[in-house]
Amino acid sequence: NSTILPGVIPQGNEKLPGIKKAKGTFLLSGALSEEISMLSMVLNTFSKLPDCELHVTGSKGNEDLLQEYANMFSNIHWHGQLPFKDYLNLLHSVSFQLSTRDIRFPENQCNFPSKIIEALYHNRIIISTIQYPQLDGVKYFTVSSVEEDFRNDIKRIVSLSQTDLLSYANQGDLVSSMYSVEVWNTAMEKIENE
């Protein structure tokens with residue numbers, strides 16, 4: 001007997017900040033290797049979108065390239081590896097979380113969207129290069145992983161009305177109900193009783 005759940009939301013009564021007005025502020029975080037984050041494509045895209053602000057934090061990326069872009073473009077900010085509390089403060093300061101996995105790499109063909117679930121729980125708007133069946137029922141933007149199309153997709157998204165954008169935000173309660181510890185406990189009890 002088995003079941004598959006894509007992630008788990010930690011228990012807690014903490015009220016997480018929502019988004020009242022979506023701004024053109026984006027976060028790319030986590031493993032910053034090319035196959036996991038498409039780092040150079042994202043940096044190049046935002047270098048051509050001066051009205052959008054990109055924050056980058058994480059590890060395993062080309063730090064020289066990150067610093068070069070941060071030095072050349074005032075809308076790109078490289079934060080390095082942050083303590084978790086500082087990461088959460090940064091996450092809560094942006095409207096959009098990017099998940100830019102290159103689907104041509106085998107490690108991205110069957111990954112669970114745990115980083116996306118975390119950002120959804122924190123009420124951020126998700127922009128992903130992969131459509132995840134595990135996230136059925138959750139609203140997020142799926143975009144191209146081809147640079148020019150990706151740039152056009154970002155432009156299109158930030159030009160949407162606040163009403164449209166906010167329909168993709170503040171899904172923390174929904175995600176919590178889908179991936180809570182209680183949901184996992186129920187799934188495990190079901191497996192044990194089958």
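Gln97 of S4 has Ile126 in S5 as its bridge partner in this predicted model. The two strands, S4 and S5, pair in the parallel sense over four bridges. On its other side, Gln97 is the bridge partner of Leu27, and S1 and S4 also pair in the parallel sense, over two bridges. Both faces of S4 are covered. Phe96 and Leu98 lie on one side, Gln97 and Ser99 on the other, and all four are buried.

These pairings belong to an open sheet of six strands, in the order S3-S2-S1-S4-S5-S6, with parallel pairing. Its edge strands are S3 and S6 (141-142), each of which pairs on one side only. Two helices can be placed against this sheet. Helix H4 (residues 84-93) packs on it and touches S1, S2, S3 and S4; the direction of H4 makes about 145° with that of S1. H6 packs on the sheet as well, touching S1, S4, S5 and S6, and its direction makes about 160° with that of S4.

At the S3 edge, S2 and S3 pair in the parallel sense over four bridges, and His55 stands opposite His77 in S3. The chain passes from S2 through H3 to S3, a β-α-β crossover that is right-handed. S3 has one covered face, made of Ile76, Trp78 and Gly80, and one uncovered face, made of His77 and His79.

The interior comes next. In soluble globular proteins, nonpolar side chains tend to be buried together. Here the largest nonpolar core has 33 residues, and those with the most contacts inside it are Phe26, Phe46, Leu54, Leu98, Ile127 and Ile154. Strands S1 (25-31), S2 (53-59), S3 (76-80), S4 (96-99) and S5 (125-128) each give two or more residues to this core, as do helices H2 (39-47), H3 (63-72) and H6 (147-158). H2 gives the most, with five residues.

Phe46 shows how this core is joined up. Leaving aside residues up to four places away in sequence, Phe46 touches Phe26, Cys52, Leu54, Asn75, Ile76, Leu98, Phe150 and Ile154. Of these contacts, Ile76 is on the covered face of S3, and Leu98 is one of the buried residues of S4.

A second, separate core has 21 residues, among them Leu16, Ile117, Ala119 and Tyr179.

Definitions and conventions: Residues are numbered from 1 along each chain as its sequence is written. This is a predicted model: local features need pLDDT of at least 70, side-chain atom pairs count only at pLDDT 80 or more; totals for chains, interfaces and linings use all residues. Side-chain values use heavy atoms; hydrogens and water are left out. A nonpolar core is a set of buried Ala, Val, Leu, Ile, Met, Phe, Trp, Tyr and Cys residues joined through side-chain atoms within 4.5 Å. Buried means under 20% relative accessible area, exposed over 50%, partly exposed in between (1.4 Å probe, protein chains only). Contact means heavy atoms within 4.5 Å. Two strands pair if DSSP finds at least two bridges between them. A crossover is right-handed if, with the strands pointing away from the viewer, the path from the first strand over the helix to the second runs clockwise. Axes are lines fitted to C-alpha atoms, for helices over the stretch in contact, and angles run from 0 to 180 degrees between N-to-C directions.
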